[in-house]
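This report describes selected features of one protein model. The reader is invited to follow each part in the structure shown here.

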Amino acid sequence: MLTSWQQEAQTKGLSYAIPSRFQGAIVKAAKLTKEEKVIALTFDDGPWPQTTGQVLDILKSNNIKGTFFVVGQNLKNYPELGKQIVFQGHVIANHTWHHWYHSFNPQAAAFEIERTTDLIYQITGAKTTLFRPPGGILHNGLAAYAKGQKYTVVMWSADSTDYKLPTVPKLINNVIRDSKPGGIVLMHDGGGNRSRTVQALPEIISNFRKQGYRFVTIPELLEMEDADQKLLANKK
Ligand SMILES: [Zn+2]
């Protein structure tokens with residue numbers, strides 16, 4: 001049985017508005033003309049037992065919305081966590097079905113991406129056109145397929161390197177050092193032991209806040225750049 005919010009999502013056809021200039025494009029960060037202090041936190045490779053829930057709790061207690069690039073087979077295994085991501089107001093996005101790094105022909109790429117998009121919709125009611133290639137690999141057929149289907153290929157501008165299991169202070173420093181207004185931060189809530197990411201996240205958040213940053217989702221970030229670009233175009 002569908003819960004009421006799920007029915008609402010499906011009735012409304014919850015879908016993320018992505019400005020046309022970013023459809024079929026690769027994005028590493030937003031180019032904002034006014035240097036507005038916004039940053040987008042992104043979490044990959046979930047849903048994952050324990051750590052996805054812990055990340056959600058931290059974001060909730062800080063009143064922050066993030067963007068979660070989920071792996072299809074993990075979403076299949078942990079659908080309730082996927083529902084929580086969307087129910088709590090975060091953006092859910094596509095990170096392929098298997099998280100494989102090898103080369104894909106168009107049929108195999110379509111399977112990896114569309115099967116995941118379909119499952120996200122079935123489970124959460126959300127239609128996503130945001131895609132992040134596993135490992136950030138742009139030349140193995142996945143990104144090409146995604147661009148051809150008008151997905152926005154979302155990369156990052158600050159890498160926590162949490163997948164290399166750095167110490168918590170190093171992890172925090174990686175994020176803060178490489179962040180700038182309009183940036184996209186790469187972290188992981190799944191795919192391995194992410195306890196260090198969970199430990200680092202509250203301090204990452206408070207550090208950004210002390211610098212005057214506020215947190216946005218990827219669709220919000222893209223909307224901001226789109227608005228800036230339109231203003232610029234009008235001035236010319
Ligand atoms: Zn990944």
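In this predicted model, Asn 63 lies just after helix α2 and adopts a positive phi of about 55 degrees. Helix α2 itself spans residues 51–61, and its buried residues are Thr 51, Thr 52, Val 55, Leu 56, Ile 58 and Leu 59. These residues lie on the same side of α2, because they cover an arc of only 165 degrees around the axis. In an α-helix there are 3.6 residues a turn, so residues three or four places apart point the same way. On the other side of α2, Lys 60 and Ser 61 are exposed. The buried residues of α2 pack against β2 (38–44), β3 (67–70), α4 (79–87) and α8 (195–210).

The model also holds a zinc ion, coordinated at 2.0 to 2.1 Å by the donors tabulated below.

| Residue | Donor atom |
|---|---|
| Asp 45 | OD |
| His 95 | NE2 |
| His 99 | NE2 |

Along the chain, these donors follow the spacing D-x49-H-x3-H. Distant parts of the chain are linked in this way: Asp 45 sits in the loop between β2 and α2, and His 99 in the loop between β4 (91–94) and α5 (106–124), 54 residues apart. Is Asp 45 buried or exposed? Asp 45 is buried, since its relative accessible area is 8%, and the limit for a buried residue is under 20%.

A further feature is the second largest pocket, which contains about 160 Å³ of space. Of the 15 residues lining this pocket, Tyr 101, Gly 135, Tyr 163, Leu 186 and His 188 are the closest to its centre. The lining comprises five nonpolar, five polar and five charged residues.

Conventions. Residues are numbered from 1 along each chain as its sequence is written. This is a predicted model: local features need pLDDT of at least 70, side-chain atom pairs count only at pLDDT 80 or more; totals for chains, interfaces and linings use all residues. Side-chain values use heavy atoms; hydrogens and water are left out. On a 1 Å grid over the protein atoms alone, a cavity is a set of points where a 1.4 Å probe fits but cannot get out, and a pocket is an open set with protein on both sides within 12 Å along at least five of seven lines; lining residues have an atom within 4 Å of a point. Grid points are joined across faces, edges and corners, and a volume is the space filled by probe spheres set on the points. Ala, Val, Leu, Ile, Met, Phe, Trp, Tyr, Cys and Pro count as nonpolar, Asp, Glu, Lys and Arg as charged, and the others, Gly among them, as polar. Buried means under 20% relative accessible area, exposed over 50%, partly exposed in between (1.4 Å probe, protein chains only). Helices (H or I, at least four residues) and strands (E, at least two) are DSSP runs, numbered from the N terminus. The arc is that of the directions from the helix axis to the C-beta atoms. Contact means heavy atoms within 4.5 Å. Donors are N, O and S atoms within 2.8 Å of the metal (3.2 Å for Na, K and Ca); water is not among the atoms, so sites may look incomplete.
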